[in-house]
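Subject: Structure for your review

Dear colleague,

Please find the structure below, handed over for your own work. My notes on what was found in it follow.

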Amino acid sequence: MTGNIPPDAVGRRILCNGEYGTVLYVGSVPPTAGIWLGVEWDNPQRGKHNGAHEGIQYFKCRHPTGGSFIRPNKANFGVDFISAVKKQYGLNGEEQDTENETATSLVIGRKTVERVGFDSIKEKQKQFSTLNDVSVDECAVSLAGPEEEIRKTCPDIRRINLSKNLLSSWKEVIAIACQVENLEIVNLSQNKMKFPATSLPASGAFCKLRVLALNQTGVTWAEVLLCATGWPTLEELYLASNEISVLQRPIDVLQTLKWLDLSDNQLTDGNQLQLIADLPSLERLILSNNGISSIYFPDVGFGRKTRMFPSLTHFVVNGNRIAEWSVINELDKLQSLQSFDCRNNPLMDTDKNIETLKQLIIAKIGQLKFLNKSQIFPEERKGAELDYRKTFGIDWLKAGGHQDPNKNRPSEEFLAAHPRFQLLCDKYGAPEDGELKKEQPFSLKHQLLSLTIKCPDKPDQKPIMKKLPESMTIQKVKGLLYRLLRIPGSELKLSYESSKMRGKEFELDNDLKPLQFYSIENEDCILVRW
């Protein structure tokens, strides 16, 4: 009964009735006769016990019901790489039937391939030699196969999808890759593999690799760093759903990495990020669903740029536990940050209106160009910063702020909570007493504003006094002016002049925004042109 059991069966991955598992025991299980395989299943509901039978522990499982015994003939130990490619792409040793021979295209496996002289097995082999993209996901690939067979059969492969197969060790991946000289992209996700515990000898197997996906493989960050010595040109690395909770500082590895996905792990300690902050080329960092609540760059104080993450332009922390504005303040220290995603955090689930929260983040992170995948236009930034300056102006005065630069001494506590406030004062001028306002509860949506409507290019048109709700959109204001002035609303160009800043005009150029978005207040003047 041992004829179909590989000699290295323990540790190998298997497939049985659609369920994936790892063999942890081969041998007898008294009082039954014959050989059994002790298997730990990926899905613990498939198992029955933790590897014990009648008081004897044959193997151990991480889950109390993750294991069971099966007969060897029930286990599929998989196939080699080229066997899977031939099956997937139609080379199975037999000619296609006459009907297929006359077609202009044919479906082989799950691929539709344009016919290029598939008149014989020889022609098919020629076609395999030109393959650049190979997708053998869920094909039970477990081995590299006979030596040099991959190089002889598919010498031009550049991209391989090997996700959800039966690869059980990184050694087997190297055996495949060393035969693919131009390999640039490989997806190994959902292969629960054993990774090396010590540094690997020098190898050219991945010398041209740019993109590597190791999602749901069980790899640790320490194992990544050991393997990374063989990835000298890697630009994108995907490590989602690996239960990674601890990072280490990369030393002389991952220096070309531009994109790192660590989402759905267990990096709850935001200080761990400091260990990867010296990656010189890293532009995109994805940390969604990790349980992160704090982020801190301790090398500089507020108002200065950190040396950490020098190239980081895109930062994603969706689905974490960020609840404090101090985290947003820290992100302004990043010298290259342009795009920030922070949806589904407690900070975004407060009783404040989502638009108000968005404006606060824009005002706090000065160089941001995209927030939650929405572009931030210059007029939106101006409105957010002006409103921030007004909203927290009273707190600034109470903390020692003053319009006179010689008397302006805001407290350290205020500067820590509002590190960009002084910069905004330098940009727009210090807020005057009459310009300041207390932050109003957002429930006062329909507060009326007393406004003067003027037509500066039409001196014969008398000013009109109107009271408008601050929640009224620019589009509705244009509709009102159409009725008042009898001109087409679509042709109107609106701006406003603040009663506190005479001589300065601010465009109202987004029809979907409300008046309050532009920080319009009582006694301000709407200027109408057409």
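Which residue lies over the face of Trp41? The residue is Arg46, at 4.2 Å from the ring centre. Similarly, Arg71 lies over the face of Trp36, at 3.7 Å from the ring centre. A charge sits over a ring here if NZ of Lys or CZ of Arg is within 6 Å of the ring centre and within 35 degrees of the ring normal.

Some conventions apply throughout. The model is predicted, so that local features need pLDDT of at least 70 and side-chain atom pairs count only at pLDDT 80 or more, while totals for chains, interfaces and linings use all residues. Residues are numbered from 1 along each chain as its sequence is written, and side-chain values use heavy atoms, with hydrogens and water left out.

Overall composition

The chain contains 13 helices and 26 strands; these are DSSP runs numbered from the N terminus (helices H or I, at least four residues; strands E, at least two). Of its 530 residues, 47% count as buried, a term that means under 20% relative accessible area, with exposed over 50% and partly exposed in between (1.4 Å probe, protein chains only). Among contacts with a separation of 6 or more, 67% come from residues 24 or more positions apart; a contact means heavy atoms within 4.5 Å.

Nonpolar cores

A nonpolar core is a set of buried Ala, Val, Leu, Ile, Met, Phe, Trp, Tyr and Cys residues joined through side-chain atoms within 4.5 Å. The largest one has 84 residues, and those with the most contacts inside it include Phe81, Trp170 and Trp231. Helices α1 (81–89), α5 (170–177), α6 (221–227), α7 (325–331) and α8 each supply at least two residues of this core, and α1 gives the most, with five residues. Leaving aside residues up to four places away in sequence, Phe81 touches ten-odd side partners such as Val134, Leu143, Ile157 and Ile176. To state the list in full, the residues that Phe81 touches on this basis are Val134, Val136, Val141, Leu143, Ala144, Ile150, Ile157, Ile160, Leu162 and Ile176; please read this list in place of my looser wording just above. Apart from the largest core lies another, of 36 residues, among them Ala363, Leu424, Leu449 and Leu515.

Aromatic pairs

The structure holds 15 aromatic pairs. Rings of Phe, Tyr and Trp (its six-membered ring) pair if their centres lie within 6.5 Å; planes under 30 degrees apart count as stacked, over 60 as edge-to-face and the rest as tilted. Tyr25 and Phe69 form an edge-to-face pair, because their ring centres are 6.3 Å apart and their planes stand at 85°. This pair links distant parts of the chain, with Tyr25 in strand β2 (residues 19–27) and Phe69 in strand β6 (residues 67–70), 44 residues apart. Both Tyr25 and Phe69 are buried. The rings of Tyr388 and Phe392 have centres 4.7 Å apart and planes at 50°, so this pair is tilted.

Helix α9

Tyr388 is also one of the buried residues of α9. This helix (residues 378–391) has 14 residues, of which 10 are buried. What covers the buried residues includes α10 (393–398), α12 (421–428) and β25 (505–507).

Strand pairing

Strands β22 (residues 448–454) and β23 (residues 464–469) pair in the antiparallel sense over six bridges; strands pair if DSSP finds at least two bridges between them. Ile453 has Ile464 in β23 as its bridge partner. Three bridges join β22 to strand β26 (residues 525–529), and these two run parallel. Thr452 stands opposite Cys525 in β26.

Yours sincerely

How values were computed. Expected span 1.5 Å × (residues − 1).
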